[in-house]
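Please open the model in your viewer and keep the selection tool at hand. The tour below goes from stop to stop, saying what to select and what is found there.

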Amino acid sequence: MAHGRRALVLGLAAAPFALITSSLNAQERTVWSADEAYDALLGDSARVIDVRSREEWLETGVGAGVWPISMHEDRFPDRLFAAKALAGSRDVGLICATGGRSASLLRALRQARYDGYVDISEGMLGSRQGPGWLAAGLPVVPLDAALASMPEELA
């Protein structure tokens, strides 16, 4: 009997650490490198949205297979949620220039209890998290090609 009580007390004492670890693991899964995002696109296990401005897309191009949906333009929330609906059970990666805007957007989505979004924290240009899409040598396409390949629902 004393052994059972001791196991219960030790289990309860360890519970906060298990919750912290579980929370950290879940949080880690919401951040991808540019390489991971591209692999997920190739494997059809994710969709990716580039939330930068039209001027930024014109300057660098858009990642191949990435949907350009600027957070700086009208109807962004509608288009963001339409993209998630089109993605179905797949995650939707969010990429910007250096990870700042995508991280802020992910925080807002999580606070509003929206799941299924991931931050590509390196961004297109790189950050402390990694070299970024461009420096990693991942493919890009011109803006007009990216827009032409987008589903009608996102136009």
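Helices (H or I, at least four residues) and strands (E, at least two) are DSSP runs, numbered from the N terminus. This is a predicted model, in which local features need pLDDT of at least 70 and side-chain atom pairs count only at pLDDT 80 or more, while totals for chains, interfaces and linings use all residues. Residues are numbered from 1 along each chain as its sequence is written, and side-chain values use heavy atoms, with hydrogens and water left out.

Begin by selecting Arg 113, which sits in the loop between α5 and β6. Phi of Arg 113 is near 70 degrees, a positive value in a residue other than glycine. Most residues other than glycine have a negative phi. Arg 113 counts as exposed because its relative accessible area is 75%; buried means under 20% relative accessible area, exposed over 50%, and partly exposed in between (1.4 Å probe, protein chains only).

Go next to Arg 75, in the loop between β4 (67-68) and α4 (76-87). Arg 75 also has a positive phi, of about 65 degrees, although it is not a glycine, and with 45% relative accessibility Arg 75 is partly exposed.

Now select strand β5 (residues 91-95), where four of the five residues are buried. Two strands pair if DSSP finds at least two bridges between them. Strand β2 (residues 46-50) runs parallel to β5 and is joined to it by five bridges, and Val 92 in β5 is the bridge partner of Arg 47. Strand β6 (residues 117-120) is also parallel to β5, with three bridges joining the two; here Gly 93 has Val 118 in β6 as its bridge partner. Following the chain from β5, you pass through helix α5 (residues 100-111) to reach β6, and this β-α-β crossover is right-handed, a word used if, with the strands pointing away from the viewer, the path from the first strand over the helix to the second runs clockwise.

Which residue shares a salt bridge with the side chain of Arg 47? The partner is Asp 44, at 2.7 Å from N to O, where a salt bridge is a side-chain nitrogen of Lys or Arg within 4 Å of a carboxyl oxygen of Asp or Glu. Arg 47 is buried at 18% relative accessibility, whereas Asp 44, with a relative accessible area of 40%, is partly exposed.

Select Arg 54 and Glu 73 together, since a salt bridge is found here too, with the closest N and O atoms 3.0 Å apart. This pair links distant parts of the chain, as Arg 54 belongs to helix α3 (residues 54-60) and Glu 73 to the loop between β4 and α4, 19 residues apart.

From helix α3, select Glu 56 as well, whose side chain meets that of Arg 101 in a salt bridge (2.8 Å, N to O). Glu 56 in helix α3 and Arg 101 in helix α5 are 45 residues apart, so that this pair too links distant parts of the chain. Salt bridges that share partners also join Asp 44, Arg 47 and Arg 90 into one network, and a search of the whole structure finds five salt bridges.

For the last stop, select Gly 137, in the loop between α6 and β7 (140-141). Gly 137 is exposed, at 60% relative accessibility. Add Asp 35 to the selection: the two are 102 residues apart in sequence and 9.4 Å apart in space, C-alpha to C-alpha.
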